[in-house]
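Thanks for making time, everyone. Please pull up the model on your screens, and I'll walk you through it.

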2 protein chains.
Amino acid sequence: MDAKNLCLGALTCGDASGYEIKKMFEEGPFAHFHQVSFGSIYPALAKLCDEELISMREETQDGRPDKKVYSLTDNGRQALRKALKKKPADDKLRSEVMVMFFLEEFLEADHLREVFDQQLEFYRRLLAKVEGLDDSGVSHQRLFVRDFGRMFYRSIVGYMEENGHLLFGDKPQAMEKAGTDQ
Amino acid sequence: MDAKNLCLGALTCGDASGYEIKKMFEEGPFAHFHQVSFGSIYPALAKLCDEELISMREETQDGRPDKKVYSLTDNGRQALRKALKKKPADDKLRSEVMVMFFLEEFLEADHLREVFDQQLEFYRRLLAKVEGLDDSGVSHQRLFVRDFGRMFYRSIVGYMEENGHLLFGDKPQAMEKAGTDQ
DNA sequence: ACGATATATATCGTTTTGATATATGCACGT
DNA sequence: ACGTGCATATATCAAAACGATATATATCGT
């Protein structure tokens, strides 16, 4: 699923600018299971306009720079339907942190600890954010996807809290202590 | 962490060919938390040789094509140490399947079911594979990383089995039935 | 003999990334 | 008033990575 189709998919949620689409993949509904960069978004939006799968209007805003707002066309909607008939790629998790843990013998002890603590903090923050969302009015299907994110982050936080001692040879309470600092 | 450092990291496990390195990222110790393509591996190995961070010898095999086996040099070991001092990138999960679930209204019902079943099968297979591994002789640290993979796959399988009904409006037993077919 | 599969190396066009640049605007501190 | 930092907003570009493809060796089954 390339950047064009991801943008089409994002626009099914409503008209949006390139920046807003990026935000949807950073902090919005797609954040916990897909990413896409500005370097892909803007060229994709340009191509989608050329192909008349989306249309664009410029908007002036108070207190903010002007923006270009994109809308799905009917052709765009159809193109998205077509793209969604294909077999999706396999899921991929990419974690440099886990690579580092694997290569632990090459890391200095305090750096390892730092990496661990920051990773735990990273996931705790993500979890807090998605748990603070209001589910009212969310369809069952959308809830499945959102709860997937919750599950994912909870699992990782729980795993790290309970098993971090394997990395440091500490007792399990060491991880809980890190939690108390928060 | 670029392909060069990933190759250096893989070679800490012992001498290996480009193909074997790929296998380590596909089915071996790195499989559940990182990927790297042939298109990256071979140019990276060539550069690492130029930079004398690895050395290469050719080997003849019985019943198989010849292979080029790469080894870490001391310089390579040091370069890896240095690379591992940097702050790792944030973890990224990329799942076209979840994007599809999010865009469920644009999918035909039987295709949605197909995607769901194949996703569940995909993760069940991965889980079976990592659960079948023998942990004896594995260090605590390596076990942390391997158990992370187990946790990850278990969580997803469990989540899908218990919550798939949100996608289909089916009762939870529908997912268990899918499990029985296996 | 052919096709499928595994092992093995390598490449290439395409896609994506992350950093960077530029612009508008606001808030805060000196 | 000015500078800095941050947010919003668009856009680009060199580097990195990808996925598909090609080629080669070898085995097995039909």
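Let's start with one residue, B:Phe148. Buried or exposed? B:Phe148 counts as buried, because 25 C-beta neighbours lie inside 10 Å. Keep in mind that this is a predicted model. B:Phe148 sits in helix H7 of chain B, residues 140-163. What does B:Phe148 touch, once we set aside residues up to four places away in sequence? The answer is A:Met98 and A:Tyr159. Both names carry the letter of chain A. Now look at B:His32. Along the chain, B:His32 and B:Phe148 are 116 residues apart, yet their C-alpha atoms are separated by 8.5 Å.

That brings us to the contact between the chains. Chain A puts in 50 residues, and chain B puts in 50 residues. Which elements of chain A supply at least two residues each? There are helices H4 (74-83), H5 (96-102), H6 (109-131), H7 (140-163) and H8 (165-168), plus strand S3 (92-94). H7(A) gives the largest share of that side, with 12 residues. Sort the chain A side by class and you get 28 nonpolar, 12 polar and 10 charged residues.

Now the strands. S3(A) is joined to strand S3 of chain B, residues 92-94, by 3 bridges. The two strands run antiparallel. Find A:Leu93 on your screen. Its bridge partner in S3(B) is B:Leu93.

How do the two copies relate? A general point before the numbers. Two copies of a chain are related by a rotation about an axis and a shift along it. Here, a rotation of 180° with 0.0 Å of shift along its axis superposes chain A on chain B, and the RMSD is 0.0 Å. The copies are therefore related as by a two-fold rotation axis. Which C-alpha of chain A is nearest that axis? It belongs to A:Leu93, at 2.2 Å. That is the residue we just saw bridged to B:Leu93. Both copies use the same surface, too: 100% of the contact residues of chain A recur in chain B.

Next, helix H4 of chain A. Three of its residues are buried: A:Gly76, A:Ala79 and A:Leu80. Why do they share a side of H4(A)? Because they cover an arc of only 100° around the axis, they fall on the same side of H4(A). The general rule helps here. An α-helix has 3.6 residues a turn, so residues three or four places apart point the same way. On the face of H4(A) turned away from the buried side, we find the exposed residues A:Asp74 and A:Lys82. And what covers the buried residues? The cover includes, from chain A, helix H1 (3-11), helix H3 (38-50), strand S1 (54-59) and strand S2 (67-72).

Over to the DNA. We have strand C and strand D, so take them in turn. Around DNA strand C there are 24 residues. The nearest are A:Gly39, B:Ser17, B:Tyr19, B:Gly39 and B:Lys67. Elements giving at least two residues to that surface are H3 of chain A, together with helix H2 (18-26), H3 and strand S2 (67-72) of chain B. By class, that surface has 9 nonpolar, 9 polar and 6 charged residues.

DNA strand D is surrounded by 24 residues. Closest here are A:Ser17, A:Tyr19, A:Gly39, B:Asp2 and B:Gly39. Two or more residues come from each of helix H2 (18-26), H3 and S2 of chain A, and from helix H3 (38-50) of chain B. The classes for strand D are 9 nonpolar, 9 polar and 6 charged.

Strand S1 of chain A holds A:Met56. A:Met56 counts as partly exposed, because 15 C-beta neighbours lie inside 10 Å. Beyond four places in sequence, A:Met56 is in contact with A:Cys49, A:Lys68, A:Val69 and A:Tyr70.

Last stop: backbone angles. Most residues other than glycine have a negative phi. A:Glu52 is not a glycine, yet its phi is positive, at about 60°. You will find A:Glu52 in the loop between H3 and S1 of chain A. A:Glu52 counts as exposed, with 12 C-beta neighbours inside 10 Å. Now check chain B. Phi of B:Glu52 is near 60°, again positive. B:Glu52 lies in the loop between H3 and strand S1 (54-59) of chain B. B:Glu52 is exposed, with 12 other C-beta atoms within 10 Å.

That's my tour. Thanks for listening.

Terms used
Residues numbered from 1 in each chain as written. Chains lettered and ligands numbered in written order. Predicted model: local features only at pLDDT ≥ 70, side-chain atom pairs only at ≥ 80, totals over all residues. Contact = placed C-beta atoms within 7 Å. Helix = DSSP H or I, 4+ residues; strand = E, 2+ residues; numbered from the N terminus. Nonpolar A, V, L, I, M, F, W, Y, C, P; charged D, E, K, R; others polar. Pairing = 2+ DSSP bridges. Buried ≥ 20, exposed ≤ 12 C-beta atoms within 10 Å, placed from the backbone. Arc of directions from axis to C-beta. Least-squares fit on C-alpha atoms with pLDDT ≥ 70 in both. Near = placed C-beta within 6 Å.
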